Amino acid sequence: MKDKIAEKLLLFVALSAIMSLALITFFIFQQGIPLIFKAGLGNFLSLKWAPTRGGFGILSMVIGSLMVTVGALAVGIPFGLAAAIFLAEFSSKTIQKTLKPIIELLAGIPSVVYGFIGIVILVPFIRVTFGGPGFSVLAASIILGIMILPTIVSISYDALLAVPNTYREGSYAVGATKWQTIVLLLLPAARSGIVAGIILGMGRAIGETMAVIMIAGNALKIPGSIFDSVRTLTSTIALELGYAAGDHRGALFACGSILFLIIIVLNIVAIRITSRK
Amino acid sequence: MRLFLVAVSLCLLSCAPNKGGVIIAGSTSVQPFIEKVAEHFMEKYPEIKINVQGGGSTAGVQATMNGTCDIGTSSRNLKPTEQELKTILIALDGIAVIVHGNSPVRDLTVEQIRGIFSRRIAEWSQLGVAGNEIIPVTREEGSGTRASFEEMIMGEEVISDACLVQDSNGAVREIIATTPQGVGYISVGLVDEREKAVAIDGTKPTLTNLIIEKYHFSRPFLLLLREEPTGNVKKFIEYVLSDEGQEILGSGGLIPANKVVAD
């Protein structure tokens, strides 16, 4: 009897989590989709974003989000993977036990602090060294790249550790060097875990808002170089929601719908890859 | 039990004057200033509760017309369709065009400012000043400050998509204060020593110039009423226009209405 009650209670709690996801999904699309139909797909996918004067084009923001995300991966993947390989293959237990929690601590720093560091240190550095405003794709990429490090490092590290030791022993037995073992054997064997880590990091980079608003400059124009300013979908929502009314508000929800779709696709891909044996 | 009764009656007492409360709604630019005045007012008259809400100037006009608030606020003049409301000018908010504190620029014409924000003028050398790229910083779509800037300075021209965008006066100021090539616009009262307000067409946005309306780039902060004020509403409006209320507005960087009228 008690078991039954506990079971029902847990079921209810589990369902309520799923219900809130369903409600959020419903609400975002219900608020956003009508605007897309009202404005027309052509307008919605154009470059002209002037929501108070009937321009609802989100293309430049979609491109901005993608550029910043690719930039973040370009920073995050090499450093993250290198850190994971070092931790899993080259360091002693003591080093692992010290370094891994420290890297994971990066995930606990609030994004506004990352943005602040970006404004105070990175942006002036880029402006002085490379010219331009400093508020740029490059600044956002570097900061986001650091922000996604913990995700990439810890998932890749776990994937590398999960490769059975017999693989390594076999490899050394046929005379492979440590480097050959890592590149030719361990990385391919741990591939699905590593790719999942990268995709989850990518989701974080696309969804990040506060740090990006502070350091990307938010100009609507599509950047011509990595030293130009850039506007992402998330920044647009956060920047403009304060005063938005009517169609403008709908357009921001439409941005949210698009973001939602992107994140869902990324997550499905990540789940597919990790469940593949 | 007695304590409980005391607590209940206290609660009832504090809830009772709700009927005599004043609800204010409208411009988000006016809101922080009115909130400050309301705080002082409620210290003086603890029995009158003032409730200040945002929503924007247009929402303020609507709410006043249909009576959902006692006093509306607006940071723009009323449109011809809104003329039925009574307006009370409480202060002027000047808009300053700012550059970095070390910038040699002191004076820009309206034409030059239009050029900078439409990106027709993209290099400082085009204005005869040393330095390369100009970095204009604007406010986000929907902002009241941006709307006033567009109306008063840009005219028919459109602010370029290549301008950096920030979502508050403070954020714009922060960028200009740290970017030697930057140009932005913020409320006059918020300009500090790290950046410099330029003269527009030869007129500096000083207090005097704003008061005698020689510097045209200011917007009115208005209270809106549907009918002659009575009771607590009247009391609050009188307080806003009193020397004390006006001083509070002035200390926030606005040009109090009593100074404008006095001249």
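In the predicted model, the secondary structure of chain A comprises 12 helices and two strands, and their order along the sequence reads α-α-β-β-α-α-α-α-α-α-α-α-α-α. The C-alpha atoms of chain A occupy a box of roughly 70 × 70 × 30 Å along the principal axes. Of the 277 residues in this chain, 40% are buried, and among the contacts of chain A with a separation of 6 or more, 75% join residues that lie 24 or more positions apart.

Within chain A, the packing of helix α4 (residues 93-105) against α6(A) was examined as one helix pair, for which the axes lie 8 Å apart and form an angle of about 145°. The crossing of α4(A) past α6(A) is left-handed. On the α4(A) side the contact is made by K100(A), I103(A) and E104(A), which meet L149(A), P150(A), V153(A), S154(A) and Y157(A) of α6(A). By class, the residues of this contact between α4(A) and α6(A) comprise five nonpolar, one polar and two charged.

The largest nonpolar core of the model contains 137 residues, and those with the most contacts inside it are V68(A), A139(A), A140(A), I143(A) and I215(A). Helix α6 of chain A, spanning residues 137-162, gives the most to this core, with 17 residues. Chain B is also represented, since the core draws at least three residues from each of its two domains, domain 1 (10-93 + 220-259) and domain 2 (94-211). For V68(A), when neighbours within four places in sequence are left aside, the contacts are with V137(A), A140(A), S141(A), L144(A), A205(A), V212(A), A216(A), V230(A) and T232(A). A140(A), itself listed with V68(A) among the core residues with the most contacts, is thus one of the residues that V68(A) touches. As a general tendency, nonpolar side chains in soluble globular proteins are buried together.

Between the two chains, 16 residues of chain B are in contact with 20 residues of chain A. On the side of chain B that touches chain A, the element giving the most is strand β7 (residues 164-166), with three residues. The residues on this side of chain B fall into five nonpolar, six polar and five charged.

Chain B is assigned two domains, of which domain 1 covers 10-93 + 220-259 and domain 2 covers 94-211. Their centres, taken over C-alpha atoms, are separated by 30 Å, and 13 residues of domain 1 of chain B are in contact with 11 residues of domain 2 of chain B. The side of domain 1 of chain B that touches domain 2 of chain B is made up of three nonpolar, seven polar and three charged residues.

A single position in chain B, I88(B), was then considered in its local setting. I88(B) belongs to strand β4 of chain B, which runs over residues 86-100. Because 16 C-beta neighbours lie inside 10 Å, I88(B) is classed as partly exposed, the threshold for a buried residue being 20 or more. Apart from residues up to four places away in sequence, I88(B) touches L222(B), L223(B) and I237(B). With respect to G26(B), I88(B) is 62 residues away in sequence, and the C-alpha to C-alpha distance between I88(B) and G26(B) is 14 Å.

Conventions:
Residues numbered from 1 in each chain as written. Chains lettered and ligands numbered in written order. Predicted model: local features only at pLDDT ≥ 70, side-chain atom pairs only at ≥ 80, totals over all residues. Core = buried A, V, L, I, M, F, W, Y, C linked by C-beta atoms within 7 Å. Buried ≥ 20, exposed ≤ 12 C-beta atoms within 10 Å, placed from the backbone. Helix = DSSP H or I, 4+ residues; strand = E, 2+ residues; numbered from the N terminus. Domains from an automatic or database assignment. Contact = placed C-beta atoms within 7 Å. Nonpolar A, V, L, I, M, F, W, Y, C, P; charged D, E, K, R; others polar. Axes fitted to C-alpha atoms, helices over the stretch in contact; angles between N-to-C directions. Left-handed = near helix turned anticlockwise from the far one by under 90°.
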